[in-house]
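Reader: I would like to go through this model step by step, with a reason behind each reply. Could we look at it together?

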Amino acid sequence: MLRLAVSLVCLFSASVGRADHWSQFRGPAGDGHADTTGLPTKWSESENIVWKTPVRGRAWSSPVVWDNLVWMTSASEDGHELYAVCVDLQSGAVLHDFVLFEVAQPREIHKFNSYASPTPVIEAGRVYLSWGSYGLACLDSKTAELIWQRRDLECNHFRGPGSSPVLHGDLLILPYDGYDYQYVVAFDKRTGETRWKTNRPHNFGTDNGDQKKAYGTVQIIDVDGQQQLIAPTSKGAFAYDPATGAELWRVRYDGFSTAARPVYASGLLFLSTGFSKSELLAVDPRGSGDITATHVRWLENKAMPSKPSPLHINGRIYTIGDQGVANCLDAMTGEKVWQARVAGNYSASPVYADGKLYFASEEGKVSVVAPGDEFQLLAENELADGIMSSPAIADQSLLIRTKTHLYRIAQK
C-alpha cells in the first residue's frame with residue numbers, strides 16, 4: 001500500500017489495509033498482518049479450494065493483490081526467461097503470462113532460491129516487478145503495458161536475487177546486496193530514474209563476497225516523527241533517511257545472507273541476522289552512529305530463523321525456525337514464553353489474520369496456530385506440492401503459491 005510522505009498519514013497507512021489488498025512482501029504494512037476475517041482453519045486438495053491455477057517456471061516470489069488482480073513473477077528453470085504473471089482473483093483465470101526479460105548468461109542459484117524470488121509491489125494502476133540486477137520494470141497493472149524498465153544496476157547476487165521492492169511516497173526503493181557490490185537505490189516510481197543511491201559503508205570483516213551478499217527487504221518506520229528506512233544486510237543493519245539515503249545509524253552482527261524483513265512494534269525493531277547461526281535482535285532505533293553497544297535491548301540465538309520473518313502480536317514475537325522450531329517470546333524482554341516443534345522445514349514467512357497464525361512449510365504443509373502464551377495447534381493442512389513463497393491474504397481468502405500452482409483457499 002502506498003506510504004505517503006506525511007508522517008501521520010504514513011503511520012495510518014502502515015497500520016491498516018483494505019481486506020482485498022495485499023500490496024507487497026508481507027502485506028499492507030510489511031509485517032505479515034491482515035485485517036480480514038472469516039479465513040479457513042482447515043483445507044485440503046478437495047476442501048475449501050476456490051481455485052487452483054498452474055504457474056509455469058520456478059519462482060519463490062509471493063503473490064500481491066490489488067483490485068482483483070493477482071500479480072507474480074516467475075522464471076524458467078535455467079533463468080534465461082523471466083515471466084510476468086497476472087491472475088484474476090475471483091476466477092483464477094490467467095490474464096497475463098509473458099516473457100518480460102531474457103537473460104543471456106544467468107548466474108548460478110542456491111537450491112533455496114530461484115531466479116524470481118523478489119515479490120512485486122503493487123498500487124492503483126501500477127505494478128513493479130524485480131528480478132534483482134536481471135531487470136526491474138513498472139507495468140500498467142490492468143493492461144500489462146510496459147511503463148519503464150531498468151537493467152543497468154550492477155550486482156552479482158551470486159546465489160540468486162531475493163530483495164523485494166517497496167514503495168514510499170513517489171519512491172520505489174530496492175537493495176542490491178551482492179557478492180561484488182552492496183548498495184540501496186531509490187527510484188522515481190513514475191519514470192524509473194535514480195533519485196538517490198547509497199553504498200553500504202560497512203567493513204564486513206572478510207574478503208569473501210559470499211558473506212557480503214544479502215536478500216533483505218527494507219522496512220520504513222516512524223520513530224518519534226522521523227522516517228527511517230531500515231535496510232538489513234550481511235553483518236549489520238542500517239537506518240537511512242528515506243528521502244535522501246543519508247545514514248542515521250547502524251547496528252552490527254555476525255550473520256550474513258540476511259533475508260528476513262524487519263518488524264517494528266512496541267517501540268523496538270526486531271531484526272533476524274541470517275546465516276550461519278541466526279540471532280533475533282531487539283533494537284531501540286532512537287540513536288545515531290554505531291548503536292550496537294548501546295541500543296540492543298535483547299538478543300536470542302537459540303532456534304531462530306534464517307529465512308522466515310518474525311511476527312509481532314499483542315506484545316509477543318512469534319518465529320518459525322528453518323527446521324520447524326516455533327517460538328513465542330516476550331517482545332520487551334526476549335523471555336521465552338513457549339517453544340514447540342512444528343512439522344516441516346521453512347523458508348516462507350508466516351502470516352497472521354483472523355486470530356490465527358499460518359506457518360507454510362517447504363513440504364507443502366500449513367500449520368495453523370493460535371496466538372497466546374501456550375502453544376495451541378489448530379490444524380495441519382497439506383497441499384500437493386512444496387511451499388517456498390510466503391502466503392498472501394485478500395478478500396477473506398489465503399493465496400498460497402506452491403512450487404507448481406497458485407491456490408485460492410477460502411471457507412465455503
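Reader: How do the residues of the lining of the second largest cavity divide into nonpolar, polar and charged?

Author: This is a predicted model, and in it the second largest cavity holds about 40 Å³ of space. Its lining is made up of V55, R56, G57, R58, A59, S74, R401, T402, K403, T404 and H405. Because Gly counts as polar and Arg and Lys count as charged, the lining of this cavity divides into two nonpolar, five polar and four charged residues.

Reader: Which strand gives the most to the lining of the largest cavity?

Author: The largest cavity has a volume of about 60 Å³, and its lining divides into six nonpolar residues, five polar and one charged. Among the residues that line this cavity are L174, P175, Y176 and D177. With four residues in the lining, the strand that gives the most, spanning residues 171-177, is β11.

Reader: What is the volume of the largest pocket?

Author: The largest pocket is lined by 29 residues, and those closest to its centre are F112, N113, Y215, A259 and K307. The lining of this pocket divides into 11 nonpolar, 14 polar and four charged residues. The volume of the largest pocket is about 580 Å³.

Reader: Which residue in the turn between β8 and β9 has a positive phi?

Author: Strand β8, residues 136-140, and strand β9, residues 146-150, run antiparallel and are joined by four bridges, and one pairing across them sets A137 opposite its bridge partner Q149 in β9. The two strands form a hairpin with five residues between them, and the residue in the turn with a positive phi, of about 70°, is A144.

Reader: Which are the edge strands of the open sheet in the order β27-β28-β29-β30?

Author: The four strands of this open sheet pair in an antiparallel way, and neighbouring strands are turned by 25° against each other on average, direction ignored. Three bridges join β27 to β28, residues 356-360, and V351 stands opposite Y358 in β28. Each edge strand pairs on one side only, and the two that do so are β27 (351-353) and β30 (376-382).

Reader: Over which residues is the pLDDT below 50?

Author: The protein averages a pLDDT of 94, and 95% of the residues score at least 70. One stretch, which has 36 contacts in the model beyond near neighbours in sequence, falls below 50, and it covers residues 1-17.

Conventions:
Residues are numbered from 1 along each chain as its sequence is written. This is a predicted model: local features need pLDDT of at least 70, side-chain atom pairs count only at pLDDT 80 or more; totals for chains, interfaces and linings use all residues. Side-chain values use heavy atoms; hydrogens and water are left out. Two strands pair if DSSP finds at least two bridges between them. Axes are lines fitted to C-alpha atoms, for helices over the stretch in contact, and angles run from 0 to 180 degrees between N-to-C directions. pLDDT is the predictor's confidence in each residue, from 0 to 100. Contact means heavy atoms within 4.5 Å. On a 1 Å grid over the protein atoms alone, a cavity is a set of points where a 1.4 Å probe fits but cannot get out, and a pocket is an open set with protein on both sides within 12 Å along at least five of seven lines; lining residues have an atom within 4 Å of a point. Grid points are joined across faces, edges and corners, and a volume is the space filled by probe spheres set on the points.
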